Amino acid sequence: MSLSAAMKTAQSSFSNVGLQSAVVSKNIANASNPAYARRAAILATASSGATVVETQRAQNEALLKQNLLSISKAAGQDTLLAGLSQMKMMLGGEDYELAPSTYLAKLRDNLQTFADKPNEVSLAETVVADAIDVANSLNGTSQALQKLRAEADADIDTAVTELNRLLKEFKTYNDKVKQSTAAGAPDNDALDQRDKLLTQISGIVGVTTVNRTNNDLALYTSDGTVLFETVPRTVSFQPTTTYTAAVDGNQVLIDGVPVQAGAGGNTSAQGSIAALLQIRDHTAPTFQKQLDEMSRTLIAMFSENVDDGSGTLVPTEGLFTWSGVPTVNSPGLGAVIKVNPAVITSQGGNAMLLRDGINETFNVDNNASFSELLNGYAAAFETPTTFDPDAAIDTTGTILAFSTGSVGWLEQVRSAATTASDDKNALLGRTQEALQNVTSVSLDEELALLLDLEQSYKASAKLVAAVDEMINALLQAAG
């Protein structure tokens, strides 16, 4: 090897070590950055020695796509579970002590006691107080449900705003990737940022990617709607500020196509938006329908058959009545059912009218042992009735069985959601771990590589020193 060739080799080595050291230093500096993918300086052999050809970024497209899917599913499941847990808290938590079924059972028991001792005013007052508790439970739970729907609607609005922002930012980095790839030097930092945005987008809406020319990405939702193709598509939503059972929320539109709500305890929702739509439009309204059906049945159970003047008996409001909605079959009855003021002492009523009749005197002789109406009410608790199939519980059964079934329905859905959440988050954890094994920085490996680079540097320095000695020897010999 000539001295000039040796110097070129040393010069190339110094250059390569410098570039490789810069890549390793950047890896070490970003070791704790989850959005950073490890870099590697790729070498090729040239006449003057190894030459750095390019800096490659660690990646695995299959694992990245699986990770995006896992993020979407876990985000949707967790969002649904949070809503169901909030619904459970409306009923008092683990023991469901605030559920209508709890107060209905108490009302039934005390009503039977009153029917056995119909002359006891204190028992009449107790039954009225129990009825007020039932009405308050139905009212409070209904109001909390509509508040939950309003909160879900507000969260949807926030998610849509964030999704539009992320898509706009995604375009910025996608354009950088396209331009740099077309120039022959992909912008690895832009790729990192683009992947980071993809993970954030997938938490809001399920997304699939299609890689095109120059590493251009097109994004589609899980049901095939275009989300991004060269430019972001418009995601629109008109929030609703006030909710009642009769109010339906607006759709979320992506490029004019409605986002479909999730379904089931193990929800089909991918991303938070679909799960929020499920809570707002399906889960909470179904539970509200159950409350409305309980209210309708109670009003019918305690109604009084009164002569309309022509000898025809017509049902008339009894212990339970309502306000604010046109008919007993209107949505939201659970929010407005109330106890008839005629039996509430604090409102000028008389609790003993429950025994004698609110709208007409049935106990014409003022008999202290009269219990015909009370026995009829107690028997109604054991009489099967028909319920609306939309309530998602058995359509035939007693009011107590239906109210208990409502609690069971919520617990069943929540239990399924809890199990599914554990499974989907476990899958997400494994997917993320597999992806990080490919893309994340290992400090041990990088530090070992630095030691190798140090040895290369020392070897090149020795080569330069040897060449220097040879040149000095030649100069001395020539002198």
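Is the crossing of H2 and H6 left-handed or right-handed? Start there, with a short note on what is on screen. This is a predicted model, in which local features need pLDDT of at least 70, side-chain atom pairs count only at pLDDT 80 or more, and totals for chains, interfaces and linings use all residues. Residues are numbered from 1 along each chain as its sequence is written, and side-chain values use heavy atoms, with hydrogens and water left out.

**Stop 1: H2 and H6**

Select helix H2 (61-90) and helix H6 (272-301); helices here are DSSP runs of H or I with at least four residues, strands are runs of E with at least two, and both are numbered from the N terminus. The crossing of H2 and H6 is right-handed, meaning that the near helix is turned clockwise from the far one by less than a right angle (anticlockwise would be left-handed). H2 and H6 pack at about 30°, with their axes 8 Å apart. That angle makes H2 roughly parallel to H6. Axes are lines fitted to C-alpha atoms over the stretch in contact, and angles run from 0 to 180 degrees between N-to-C directions; under 35 degrees counts as roughly parallel, over 145 as roughly antiparallel, 65 to 115 as roughly perpendicular and the rest as oblique.

Now show the side chains. Among the H2 residues that meet H6 are Gly 76, Leu 80 and Gly 83, and the H6 side includes Ala 275, Ile 279 and Phe 287 (contact means heavy atoms within 4.5 Å). Colour this contact by class and you get nine nonpolar, six polar and no charged residues. Ala, Val, Leu, Ile, Met, Phe, Trp, Tyr, Cys and Pro count as nonpolar, Asp, Glu, Lys and Arg as charged, and the others, Gly among them, as polar.

**Stop 2: the cavity**

Keep Phe 287 selected, since Phe 287 also helps line the largest cavity, along with Leu 91, Ala 99, Pro 100, Ser 101, Leu 291, Met 294, Ser 403, Ser 406 and Val 407. Helix H3 (100-116), H6 and helix H10 (399-439) each give two or more residues to that lining. On a 1 Å grid over the protein atoms alone, a cavity is a set of points where a 1.4 Å probe fits but cannot get out, while a pocket is an open set with protein on both sides within 12 Å along at least five of seven lines; lining residues have an atom within 4 Å of a point. The structure holds one cavity of 30 Å³ or more, and about 30 Å³ of space lies in the largest. A volume is the space filled by probe spheres set on the grid points, which are joined across faces, edges and corners. The lining has seven nonpolar, three polar and no charged residues.

**Stop 3: two pockets**

Next, pick Pro 34, Ala 35, Thr 199, Leu 435 and Thr 439, which lie nearest the centre of the largest pocket, out of 25 lining residues. H2, helix H5 (188-204) and H10 each give two or more residues to this lining. The space here is about 520 Å³.

For the second largest pocket, of about 300 Å³, select Ala 245, Pro 285, Lys 289, Asp 292 and Pro 331 around its centre. H6 gives the most to the lining, with eight residues. Seven nonpolar, six polar and seven charged residues make up this lining.

**Stop 4: H4 and H5**

Finish with helix H4 (121-182) beside H5. They pack at about 155°, with axes 9 Å apart. That makes H4 roughly antiparallel to H5, and their crossing is left-handed.
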